[in-house]
Amino acid sequence: MEAKDTNISALCTPAAGEGGRTGDWRDVRPVIDQTKCIPATKGKAACFLCWLYCPEGVVTMTIPVQIDMDYCKGCGICAEECPPNAIRMVREEDADE
Amino acid sequence: MAAYPITPQASLSEILSRYVEGGELKAEYVRVEGEHSAMTVCISASTVGARVFTATSSNGLLYMHEQLHWAAGSRLPIVMCCVNRGVGAPWSIFNDQQDSVSQRDTGWIQIYCRDNQEIIDTIIQAYRIAEQVYIPVMVCYDGFVLSHTMMPVHIPDHEQVRRFLPPYKPHTILSPEDPRTINSVLFPWRRENPQGVLCDGYMEMRYKLQAAFETARTVIADTNRAFAESFGRDHGGLIWTYMTDDAELVMTGMGSIAAEAVAATDMLRAEGIKAGVVGIRVFRPFPKDDVVRAFSRAHAILAFEKAISYGYEGALCSDLKAALYGTGVNAPIHNYVAGLGGRDVKPRELAEAGRNAVALLEGQTMKNETRWLNCYTG
């Protein structure tokens, strides 16, 4: 807050949240069914197409796969690409959390 | 150096390409498929620390318009020549200044030259100005009238130029070790970044550009003074004047038309009319204080322009009126649109307009309208 923006043109450094908390933009959220997710069911590194295709880089390449809801914009690409259809897009107002 | 090599282009880019090819000019020459790309190449190269140049005219400049805003908003000290030509339609290749005047609000400094010596000297000055205030500079000169005529010029000495113009330091150094995103989206509000710095929003960034323009007036005047000291040629800072000390009738314009007004002044002086000229060398930033001083003793002002803001009057005339408003300078201002699409402008025509303005001072009231010089329809 005390530091002043001395840049004379718009600049930013790569850091989580540089674009603001873009999770606010979301209307629908991805919900993963771990009983269908390939890495979760096989217990080993597998497709991770959700991680690969996520344009925001908010999906982890871990077991289980996790999605950072602070920055997920809810685009639904992960759900579209998931081979076993383990990801469903759920309206925010219908989501459990 | 990036340029689109065919119409509308002046011999300028062609000759520079020959210098590069022959090894006389240490530069990379990028031939592009259009002026929009030419400016994009300049933006990219300037961002990573290269001193860049391009040149264009008329519709080529219009095609560049979007990238002109981008260059200014990125605060890149790009220098470009605009060889002033009329814009289509109807198609024209000849001189007027509608092209660059239409780019007035893109955030570029605009300097208008009146002869070939001033062009070469101004380009050198332009880099020094641009690299101090981080605003791109458009060096404008009249197509054909100056671009396709020859006059002997002094080519400044290389070492002397080097002393006058220190190496270009970009405002931001890019390196893979310290990566940055340039011109990411800025929001209507200010926002704290992940490092805890309250970052300026879009409006603050735009304010900084305007603030830099305010500083640029002094920088332009200082640069001209330093150039005159080093090279012995003084082209005027923001404006230049001719016989204005006792002038009652003051003619004004930008570029070669103002030089024509000098010849018209000599004619009028020979007839006993106290005429003078204020040449507007810098159109943006507008020399608001300089014009108030220069026109303070005028009884009548004539603004000759090779462009018009359609639906109103010449943009220079409007700006001039705005600068004089409330300053006590209440001389009538007569606006003349002249020389569009290469229509020849003769000093005797300007002198005649001057005589009419003097006649009107005697009792007659003047309607506030823009006259078209030497233009007859029907």
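These are my notebook entries on a sheet, two helices and a chain contact in a predicted model.

**Entry 1: the sheet in chain B**

I began with the strand order of the sheet in chain B, and I read it as β10-β12-β11-β14-β15-β16, an open sheet of six strands with mixed pairing. I then looked for the strands that pair on one side only, and found these edge strands to be β10 (239-242) and β16 (370-372) of chain B. For the twist I noted an average of 25 degrees from one strand to the next.

I next followed one pair within this sheet, namely β14 (residues 300-305) and β15 (residues 333-337) of chain B, which run parallel and are joined by five bridges. To fix the register I looked up B:Ala303, and its bridge partner in β15(B) is B:Asn335.

**Entry 2: helices on the sheet**

I asked which strands helix α10 (residues 315-324) of chain B touches where it packs on the sheet, and I listed β11 (249-253), β12 (275-280), β14 and β15 of chain B. The direction of α10(B) makes about 145 degrees with that of β14(B). I repeated the search for helix α11 (residues 347-361) of chain B, which also packs on the sheet and touches β11, β12, β14 and β15 of chain B, with its direction at about 150 degrees to that of β14(B).

**Entry 3: α8 against α11**

I turned to helix α8 (residues 256-270) of chain B, whose axis comes within 8 Å of that of α11(B), the two crossing at roughly 60 degrees. Since angles from 65 to 115 degrees count as roughly perpendicular and those under 35 as roughly parallel, I recorded α8(B) and α11(B) as therefore oblique to each other. Their crossing is right-handed.

From α8(B) I noted B:Glu260, B:Ala261, B:Ala263, B:Ala264, B:Met267 and B:Leu268, which meet B:Pro347, B:Arg348, B:Leu350, B:Ala351 and B:Gly354 in α11(B). Sorted by class, this contact has eight nonpolar, one polar and two charged residues.

**Entry 4: chain B against chain A**

Finally I looked at the contact between the chains, which takes 24 residues from chain B and 15 residues from chain A. On the side of chain B that touches chain A, the elements giving two or more residues are β7 (181-182), β8 (191-192), β9 (198-199) and α7 (202-231) of chain B. By class I entered nine nonpolar, nine polar and six charged residues for that side of chain B.

I also found strand pairing across the chains, with β1 (residues 11-12) of chain A and β7(B) pairing in the antiparallel sense over two bridges. In this pair, A:Leu11 stands opposite B:Ile182 of β7(B).

Notes:
Residues are numbered from 1 along each chain as its sequence is written. Chains are lettered from A and ligands numbered from 1 in the order in which they are written. This is a predicted model: local features need pLDDT of at least 70, side-chain atom pairs count only at pLDDT 80 or more; totals for chains, interfaces and linings use all residues. Two strands pair if DSSP finds at least two bridges between them. Helices (H or I, at least four residues) and strands (E, at least two) are DSSP runs, numbered from the N terminus. Axes are lines fitted to C-alpha atoms, for helices over the stretch in contact, and angles run from 0 to 180 degrees between N-to-C directions. Two residues are in contact if their C-beta atoms, placed from the backbone, lie within 7 Å. Ala, Val, Leu, Ile, Met, Phe, Trp, Tyr, Cys and Pro count as nonpolar, Asp, Glu, Lys and Arg as charged, and the others, Gly among them, as polar. Angles under 35 degrees count as roughly parallel, over 145 as roughly antiparallel, 65 to 115 as roughly perpendicular and the rest as oblique. A crossing is left-handed if the near helix is turned anticlockwise from the far one by less than a right angle, and right-handed if clockwise.
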